[in-house]
Amino acid sequence: MTDIYATHSLLRVLCDLAEDADPRPVTVALASTPASDLDSADGPGLPLSDLDPDSEVLSDFYFPDVGDAVNRVFGVDLNTPPGQTTARFLSHPKGDPTISLTDDLHARVLVAVPPWTPDDVRAYDRRGRRLSLVVVAAETEEASVLD
């Protein structure tokens, strides 16, 4: 089974988005960061020091509703830079944690179900094969407005 690494804070935010949208499903584009570019964090998960520095860790997302009006008219996703996302998050409010052909698939997919906690998130490849989701105790660097 292949491992997918994700920060606990990312999983928590994604579950909050899913809970807020319930009973509607949510789909969110996810981006990863090399482990060497993350900071260690307190909390649950694998210590960052246990990862290879080149390991990709899901750490960021693109807001699902940005540019939605253009998407609906033209069917083009203008809010997510092409080639910048490495995975997709989906919520399944009805509680089925498996992916289906109607889902917006990506090479790697995270699926959350109620009660919307990081423990209720599953990882898959685009063919529906279950992958191991490893929570990492890390966070992205805080960006300064002046940077």
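Two strands count as paired when DSSP finds at least two bridges between them, a cut-off that the second exercise below needs. The model used throughout is predicted.

**Exercise 1. Confidence along the chain**

Task: Establish what the average pLDDT of the protein chain is, which elements have the lowest and the highest mean pLDDT, and how many contacts beyond four places in sequence the model has for residues 66-80.

Solution: Begin with the whole chain, which averages a pLDDT of 84, with 81% of the residues scoring at least 70. Next, turn to the elements, among which strand β1 (residues 3-7) has the highest mean pLDDT, 96, while helix α2 (residues 68-74) has the lowest, 46. Then look at the stretch formed by residues 66-80, where pLDDT stays under 50 and for which the model has 15 contacts beyond four places in sequence. Residues 143-147 also have a pLDDT below 50, and that stretch has zero contacts in the model beyond near neighbours in sequence.

**Exercise 2. The partners of strand β9**

Task: For strand β9 (residues 130-140), work out in which sense β1 pairs with it, in which sense β3 does, and how many bridges join β4 to it.

Solution: Start with β1, which pairs with β9 in the parallel sense over five bridges, and where D3 stands opposite S132 of β9. Continue with strand β3 (residues 38-40), whose pairing with β9 is antiparallel and spans three bridges; here D39 has E139 as its bridge partner in β9. Now take strand β4 (residues 46-47), which runs parallel to β9 and is joined to it by two bridges, so the pair meets the cut-off of at least two. In this pairing, A137 of β9 is the bridge partner of P47. Finally, strand β8 (residues 121-125) runs antiparallel to β9 and is likewise joined to it by two bridges, with Y124 opposite R130 of β9. β8 and β9 form a hairpin with four residues between the strands, in which G128 takes a positive phi near 90°.

**Exercise 3. The second largest pocket**

Task: Describe the second largest pocket by stating what its volume is, which residues lie nearest its centre, and how its lining divides by class.

Solution: First, the volume of the second largest pocket is about 310 Å³. Second, the pocket is lined by 15 residues, and those nearest its centre are P25, S91, H92, P93 and D103. Third, sorting the lining by class gives five nonpolar, six polar and four charged residues.

Definitions and conventions: Residues are numbered from 1 along each chain as its sequence is written. This is a predicted model: local features need pLDDT of at least 70, side-chain atom pairs count only at pLDDT 80 or more; totals for chains, interfaces and linings use all residues. Side-chain values use heavy atoms; hydrogens and water are left out. On a 1 Å grid over the protein atoms alone, a cavity is a set of points where a 1.4 Å probe fits but cannot get out, and a pocket is an open set with protein on both sides within 12 Å along at least five of seven lines; lining residues have an atom within 4 Å of a point. Grid points are joined across faces, edges and corners, and a volume is the space filled by probe spheres set on the points. Ala, Val, Leu, Ile, Met, Phe, Trp, Tyr, Cys and Pro count as nonpolar, Asp, Glu, Lys and Arg as charged, and the others, Gly among them, as polar. pLDDT is the predictor's confidence in each residue, from 0 to 100. Contact means heavy atoms within 4.5 Å.
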